[in-house]
Structures are given as C-alpha cells and as structure tokens.
Amino acid sequence: MRPFLLTAGRVAGGGTGPPLPVETQVVATSSGLRVLGSLAFEQHDIVAACRRPQSVAELAARLHLHLNVVRVLAEDLCAAGHLVVHVPDARTAQDISVLRRVIDGLRTVPDSRDALRDSG
C-alpha cells in the first residue's frame, strides 16, 4: 500500500510542531492498550509494538513501514492519548559517542538474507 494512503495524504501529524525526530522514544499508554482492539490496522500495530519504549526509527523498521508514515501515525496516536513520546535532549542527540553506538548497533542488524551488514 502506498504510504500516502496510510496517512490520508498528510506528511505531518495533527500537531503544529516539526515532525518527530527519528530518535524519539514512543510507548503505549494504558488507555491505548485498552482500546487496542478498536484501532485500525497500522495504528493497532504501532500501539501493540509500543508496549516497551522504542524509537520511531526502530518502530518503522520493525513494522516495515515508511518512516514518515510512522511519524504521522505516532503523532495522531499521541494526540488521541494512545502513545506517549519522549524526545531526547538535543545535546545527547548531537553527542558523537551516541552516533557511534547507533552505527555499531546498525551493523549488528542482519539484512534480509540474515547476514550481518559488515560480513561482506
């Protein structure tokens, strides 16, 4: 399905601020888990996957959804009270050691052939 169909053509959520940064942590609320059965497809999957905190980027990768789709839907779910977002401190996001840990972590993620990215 085309990403713009999942977001009804929107490229930003209902908020007036900038899109959620990829490192933003999202977690389901108790009310979000209570209404899980009544949520639409991708919204259901996002809330169900957020029983434990994870970043927007991790969520997009896990659910095989476009990053901007997850951003828009996560903002909608937050506005509805089904998710809580925790935006990290900007100084931490610019810390080079954090970037190195992210790169190292990404290198350990297997690709579609279950081969590590650095294993050639």
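Helices, as counted here, are DSSP runs of H or I with at least four residues, and strands are E runs of at least two, both numbered from the N terminus. On that basis the secondary structure of this chain, which is a predicted model, comes to 7 helices and 3 strands. Read from the N terminus on, the elements follow the order α-β-α-α-β-α-α-β-α-α.

**The chain overall**

- Of the 120 residues in the chain, 30% are buried, and the accessible surface comes to about 8000 Å², with 58% of that surface belonging to carbon and sulfur atoms.
- When contacts between residues at least 6 apart in sequence are considered, 66% of them join residues at least 24 apart.

**Helix α4 and its two sides**

- Helix α4, which spans residues 56–63, has Val56, Leu59 and Ala60 as its buried residues; because these cover an arc of only 100° around the axis, they lie on the same side of α4.
- This arrangement can be set beside a general property of the α-helix, which has 3.6 residues a turn, so that residues three or four places apart point the same way.
- The buried residues of α4 pack against four elements of the chain, namely the strands β1 (25–28) and β2 (54–55) and the helices α3 (41–49) and α5 (67–79).
- On the face of α4 that is turned away from its buried side, the exposed residues are Ala61 and Arg62.
- Just after α4 comes His64, for which the model gives a positive phi of about 55°.

**Leu20, a buried loop residue**

- Leu20 is found in the loop between α1 (3–6) and β1, and its relative accessible area of 10% falls under the 20% cut-off, which means that Leu20 counts as buried.
- Leaving aside residues up to four places away in sequence, Leu20 touches Val56, Arg71, Ala74, Glu75 and Val85; one of these, Val56, is also among the buried residues of α4.
- Leu20 and Val70 are separated by 50 residues in sequence, while their C-alpha atoms are 9.4 Å apart in space.

**A nonpolar surface patch**

- Ile96, Leu99 and Ile103 together form a nonpolar patch on the surface, with a combined accessible area of about 250 Å².
- Leu99, one of the residues of this patch, has its place in helix α7, which covers residues 96–107.
- The relative accessible area of Leu99 is 45%, and Leu99 is therefore partly exposed, since that class lies between the 20% limit for buried residues and the 50% limit for exposed ones.

Technical notes. Residues are numbered from 1 along each chain as its sequence is written. This is a predicted model: local features need pLDDT of at least 70, side-chain atom pairs count only at pLDDT 80 or more; totals for chains, interfaces and linings use all residues. Side-chain values use heavy atoms; hydrogens and water are left out. Buried means under 20% relative accessible area, exposed over 50%, partly exposed in between (1.4 Å probe, protein chains only). The arc is that of the directions from the helix axis to the C-beta atoms. Contact means heavy atoms within 4.5 Å. Accessible areas come from the Shrake-Rupley method with a 1.4 Å probe; for residues, only the protein chains shown count as cover. Patches are made of residues with over 30% relative accessible area and no salt bridge: like charges are joined within 9 Å, nonpolar side chains (Val, Leu, Ile, Met, Phe, Trp, Tyr) within 5 Å. A salt bridge is a side-chain nitrogen of Lys or Arg within 4 Å of a carboxyl oxygen of Asp or Glu.
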